[in-house]
Each structure stands twice: as structure tokens, then as C-alpha cells.
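Trainee: Please choose one strand in this structure and take me through it closely, then follow its connections outward. I would like to see how the parts around it are tied together.

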Amino acid sequence: LAASRPAPTADLRAQGAGNSESRGAGKLRQVLVVLQMGVAMMLITAAILLTRSLGAVLALPPGLDPDHVLSARVSLPESTYPDEASRLALADALKQRLAALPGVTAVDFTHIVPFSNSDWTTSYAVAGQPPVEGATPYAHARIIGPDYFDVLSMRMLEGRGFVAGDRADAVRVAVVDQKFAELHFPGRSAVGERIEGVDAAGPVTIVGVVNTARFVSRDRDPQFGSIYFPMAQRMPREFGVVLRTEVDPLSLGSALQRELRAIDSGLPAFDVLSLEQRVEADLVDRRGISISLGTFAAAAVLLTAIGLFGALALSVARRQAEFGVRKALGATAASLQRSVVGQGLKLAAIGLAFGLLAALGLMRLLRSVLLEVSPYDPASYAAALSLLVATAVLASWWPARRAARVQPVQALRGE
């Protein structure tokens, strides 16, 4: 607004008289531009790093396939289902009914549904291996049915999964994941080895090795290896149902409720969601942070461009007499343009230097949420710097063009 009402003669005389108010206002504008550039550098760098981290997380193989899988939870009252035998009978009946539904290709149970913000860890010992002094090993633990790995498209790497013969009166068995096997049995087979301290009935024998899966959170590697136990040997009161379907999994939610109530009219299924919905919910915070920070970063770039443009436009408007004199003395339009653009780039460089230091400090705080991307990733910082330098050049171009078009005769006549 100030630049739209220039008064070159008055400004030149005021500057010649040493008008401190005008000079102070100009310094203040420059300081504000530098601060805007610094904040924009910090926010853009953070936004780029978080966006790249989110992309890297989405690209990581989860170890299971959540597509076309319906999940729900069931809680059995202890008064009606006081023992494992009664709970297993209900589970067997429900599995038969659900497997017969049109569009269902596989169904089974787990005591913890993947991506449900729940986990269970257990301490253990490997038979024949001395314990590590001062350290108690832990593993993620899951109780599952024999077709659970098929429902989630997980791969058996060695041995077998659970079979109908793995009942309560049979030898206690377990399946471990690849991470557990590589930790305790590097270079050799884990099948046939025994795990102690996880079952009151005694040691359990490893019968198979399955691929490692991210079932607690999509954006985190499992903290420990995993041990899977057969549901027929330790049936819980509360368990989850997982169904792989050929149709929209949510379209089978009402059918699941109907089949469960056909067995026991007092039993509802709750928390009925597709696994894809659970994955999206698991990532909602990370997505929200990335989107919010990206929005603030975009606003910061826009404000920085406006601020730099305004400061340079006002400076050019008040220096028209100076530019006229310089042109009369032989200065070219290109040299005047370079002078104004250089002024803008100088302010940008100072702001970027401060912003770079601030970004490095901020990334130390964000280290815990940056996965698969270094908080000091050079490509991200280079992208942020390039964007802001380009913004500074574009914001400086119009005021520089105006300076180059000053006519010496008009400027000197005004003087």
C-alpha cells in the first residue's frame, strides 16, 4: 500500500536529512522478511521430511495383506462359557457358519486383531541356551486358529502351521516368526527347538517359522520376535474374527452378526471393521501431522513471498530518483534488475541460514516420528532451500523490473 503511493522527492529529501523513522521502518521490514524466510525454511524442511517418511512407511512390506479382510471382536461371558471346551465349541460352530457365507474364502480367529492398538508380550527362555545375564527376553505373543496365516496371506518359511491335531491333550506347540528364529537360531533350523516359560503345561515345541509381520502398528517394526500359539490349546474368552472375502468385506458385517446370534442370541460382535480401516486409523495421526505441517509450510512460503515482494516494491518506489540518476550516469536496466534481485537474495540468504539452524534443531525433536528417513537427509534440505530460493527470485522479479523501467528524465524532473 505504501509503495502504491510513492513520493520520491519527499523520500529522497527525508533520506538526505537523515530521517531515522524512514530508515528504521525499512530495517524493520527487512528483519520481518528474514524472520519469515527462516520460519518458512524450518516448516518446509519438516514437512518434506515427514511426507517422505510417510511415503517410506507406506512402501514398507507389512508382512500381511489387509485387503478384503473383515475383522470383529467377540467377548464370551464367563457364566455361559466357563471353560475352554465350551468356548472352543462355539468357535468351531461359528467358523463353520462363516466359512459357508457367499464371498468368504477363509476365516479364523485370533485373540488380538491386527492394528487394534493392542499387544501382548511374554517373557520366555529357549531350551539349551543360557540366559543373558541381567536381561529378560520378551516376545510378542498371539493365540491363533489354524487358518489364520492363510486369512492374512502370511508365508510359512519352514515347517508347518497349526493343524486340527494340535488340541489341548496333544503336545504343546508354537510357530515363531523369522525375527525370533534369526535371533535364537542363526544359520540353522528352528523347527524342533523348545521354548520354556510360556505355558504352565511345560515347554512348547516349535513346529514352524512364518514371515515377520507388522501387526501392532503399520509404521513400526515389531519390537521383539513373535510366538504364535494354537487357539485349541489355550482358548481365550475374548477373541477376534478375521475373514478374507472376495467382496467388499464391510458388506458381510451384518451376516457375521446374524451367524453369531444364530448360535447364541445374546452374543454381539463388536468393533466390526475392515483391516484396511484399521490400517488407516493407525496412520491417521501421522497423516494429520504431515498435512497440517504441509499446510503451515505452504502458508509460510506464500507470506514470505508477499513480504519480500512488498519490502522490495516499497524500496524501489522510494528509490526511483536514485535509479534515475544511476541510469543517467550509464547504468543499464539489467544492472538495476540485478541490484534489486541481489537485495532480495541477500535477505533470503540471511533468513535461510537462520532457518537451516532452526530446522536442524527441530529435527532432533522429530527424530522419533521420522521413520526410514534421516532427520538430516541432504536431499530434503536441498529441496527446501531450492524452493525458497526460487520463491525469493520470483518475489524480487517484479520490483526489479519496475526499477529497470525508471526513466531518467522523469525521475530527475521529479527531483
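Mentor: What follows starts from one strand, β11, and works outward from there. The model is predicted, so that local features are taken where pLDDT is at least 70 and side-chain atom pairs count only at pLDDT 80 or more, whereas totals for chains, interfaces and linings use all residues. Residues are numbered from 1 along each chain as its sequence is written, and side-chain values use heavy atoms, with hydrogens and water left out.

Strand β11 covers residues 238-245, and because seven of its eight residues are buried, the rest of the structure largely encloses it. Here buried stands for under 20% relative accessible area, exposed for over 50%, and partly exposed for what lies in between, with a 1.4 Å probe and protein chains only. Strands are DSSP runs of E with at least two residues, helices are runs of H or I with at least four, and both are numbered from the N terminus. Two strands count as paired if DSSP finds at least two bridges between them. By that criterion β11 pairs with β1 (residues 69-75) in the antiparallel sense over seven bridges, and Ser71 is the residue that stands opposite Val242 of β11. Strand β2 (residues 104-110) is also antiparallel to β11, to which six bridges join it, and Val104 has Thr245 of β11 as its bridge partner. In general, side chains in a regular strand alternate between the two faces of the sheet.

From β1 the path leads on through charged side chains. Arg73 belongs to strand β1 and Asp271 to strand β12 (residues 269-274), 198 residues apart, so that distant parts of the chain are linked by this pair. The two residues form a salt bridge, with the closest N and O atoms 3.5 Å apart; the term requires a side-chain nitrogen of Lys or Arg within 4 Å of a carboxyl oxygen of Asp or Glu. Both partners are partly exposed, Asp271 at 28% relative accessibility and Arg73 with a relative accessible area of 25%. The pair is also part of a network of salt bridges that links Arg73, Glu238, Asp271 and Arg278, and Glu238 falls within the residue range of β11.

Arg278, in turn, lies within the range of helix α7 (residues 275-318). At 1.5 Å a residue the 44 residues of α7 should span 64 Å, and because the end C-alpha atoms are 64 Å apart, the two values agree; the expected span is 1.5 Å times one less than the number of residues. The helix nevertheless bends by about 45 degrees at Val284, the bend being the angle between axes fitted to the seven residues ending at a residue and the seven starting there.

The search of the whole structure finds 15 salt bridges, and two others may be set beside the network. Asp147 and Lys95 meet through their side chains at 2.8 Å, N to O. Asp147 is in the loop between β5 (138-144) and α4 (148-151) and Lys95 is in helix α3 (residues 84-99), so this pair ties together parts that are 52 residues apart in sequence. Its two ends differ in cover, since Asp147 is partly exposed with a relative accessible area of 28%, while Lys95 counts as buried at 18%. Glu193 and Arg188 form another salt bridge, their closest N and O atoms being 2.7 Å apart, and Arg188 counts as partly exposed at 46% relative accessibility.

The loops beside the two partner strands deserve a look at their backbone. His68 is in the loop between α2 and β1 and has a positive phi of about 60 degrees although it is not a glycine; with a relative accessible area of 29%, His68 is partly exposed. Phe115, in the loop between β2 and β3 (121-123), likewise is a residue other than glycine with a positive phi, near 60 degrees, but Phe115 counts as buried at 4% relative accessibility.
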